[in-house]
Amino acid sequence: MASSISNSLMWFRKGLRIHDNPALEHAARKSDFLYPVFVIDPHYMEPDPEAFSPGSKRAGLNRIRFLLESLVDLDLGLRKLGSRLLVLKGEPCEVLFQCLKEWNITKLCYEFDTEPYYQAMEDKVKKFCSAANIETFSPVSHTIFSPAEIIKKNGGKPPLSYQSFVKLAGEPSWASTPISTDVSWLPSVGDVGRCLILDDVPTIEELGYQDLPEDDKTPFRGGESEALKRLKECLSDKDWVAKFEKPKGDPSLFLKPATTILSPYLKFGCLSSRYFYQCTQEIQKNVKNHTSPPVSLLGQLLWREFFYTAAFGTPNFDKMKDNKICKQIPWKNSDELLAAWRDARTGFPWIDAIMVQLRKWGWMHHLARHCVACFLTRGDLFVHWEKGRDVFERLLIDSDWSINNANWMWLSCSSFFYQYNRIYSPISFGKKYDPDGDYIRHFLPMLKDMPKEYIYEPWTAPLSVQVKAKCIIGKDYPKPVIDHEVASKECKKMMHQAYELNKKMNGNVSADDLYNLRREEIEDRGHKHKKLKQTKLSFASPE
């Protein structure tokens, strides 16, 4: 009697690495043939000519390129082990089901994903595999802790403060065991039959895009090899690791940024967060003094874990409506202000320079992100955080569903952080780090000759200075879209009223309540303007 053949399929989505990949290890174990698969999902990858920047409906071109580079690197790594990456195109579940049947798969392995989109996909896959008698294995390895286990420990609810999360989480169960980083061999790929496998990882052009000019491409290259190289460089300076202290750091440094820039590699799983945690912990054990969470390097990884857990355990985490942990606030619906912010046309050079860096690099320092998010929402423009979230989600190469939504709620004072009177000034904050305005001059070259005393407020420069600097405000660079002093006061007042309403209604604020609050605010402002106009007229009238 012939022995049965064991065929495994490793389904890559995130987790684009070979080191510390429990799903890949399990797929290889006791398998005759192993099929490593990545499916190009049109939901994320199909070109969208209507989008405000080059890319698909969901992702800008910089992030798509970063993903493709990561896939090329993964394929190279697999080939060194006697395997290769099988790239297919189409609706992931449909493609996967066809492969499972065509290749007589007995074991399907993939990394557990907390995002709602992938959770729905996993439900379909598990149902199909159960009916087909296919073993499934989906370990938690994108995060350090299992969000589901933390929530279970907390009585079925996610902890909603960092401190409570850290106390509840404790040490990871695997922390004392060295992480597996060396893989010497993988089973070969079997016959692919009738499944349509692409010859190679497609290029940007083969996906239907026109590539960006060199000046608009992110300087950060995707892939596990690059991730491990960056990690090694970061951790080689043990003193820097020991003394790392967030939120300190200079957001204006761009030639050599003041952070690890490992976030995009963690986002795509090119770097294992568990391996990063263990390497950092090892350094801290061997130095006399080091910073501690929440500000330490380990503390930053725990922030990521906290947000992942909060997101996984909160329905409608990506919305204000029907989100129980989110304050209900009557944000403005101004496409004009949103576009000015998104397209770096606010007239505030510090804000606009950051937004240019975002569009060109797909990355900026965390304090720079704080500044522009605060400015768009509770600081100045009072535009809905969901609108800003969508722009970040599209343009950031490290855009992460849980972290992006959490940070926007935090910075808009909708959840997690509630001190709405503390704002980032669009003028003085950047000046504190970069008084000469070198960051602004780099990303806004039209202002490169503006004297430093006017670089953060060019509208205050005399016309003669503007002429000499070859930058006329209102022509070569826009006038400010708002008066910061006036706008910030109005925002604080509106936030106070919204908080009072949430308190009064015990969080059960309806759309009508928000509409009425917004209407009252508009009427009140109109009444004040009318009164001010009458006052001015009375002053102008002769006695």
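Buried here means under 20% relative accessible area. The model is predicted, and residues are numbered from 1 along the chain.

**Stop 1: tryptophan 341.** Select helix α13, residues 335–342, which holds tryptophan 341. Is this tryptophan buried or exposed? Its relative accessible area is 0%, so tryptophan 341 counts as buried.

Now show what surrounds the residue. Setting aside neighbours within four places in sequence, tryptophan 341 contacts Thr346, Ile351, Met355, Val372, Phe375, Leu376, Leu381, Gly388, Val391, Phe392 and Trp408. Pick glycine 388 from that list and draw a distance between the C-alpha atoms: tryptophan 341 and glycine 388 are 9.0 Å apart there, with their positions 47 residues apart along the chain.

**Stop 2: strand β4.** Select residues 107–110, which form β4. Which way do the side chains point? Lys107 and Cys109 point one way, Leu108 and Tyr110 the other, and all are buried. In a regular strand the side chains alternate between the two faces of the sheet.

**Stop 3: the partners of β4.** Add strand β1, residues 7–12, which pairs with β4 in the parallel sense over four bridges. Leucine 9 stands opposite leucine 108 of β4.

Then add strand β5, residues 135–137, which runs parallel to β4 and is joined to β4 by three bridges. Here lysine 107 stands opposite glutamate 135 of β5. To follow the chain between these two strands, select helix α5, residues 116–132: the path leads from β4 through α5 to β5, a β-α-β crossover that is right-handed.

How values were computed
Predicted model: local features only at pLDDT ≥ 70, side-chain atom pairs only at ≥ 80, totals over all residues. Heavy atoms only, no water. Buried < 20%, exposed > 50% of the residue type's maximum accessible area, 1.4 Å probe, protein only. Pairing = 2+ DSSP bridges. Right-handed = clockwise from strand over helix to strand, strands pointing away. Contact = heavy atoms within 4.5 Å.
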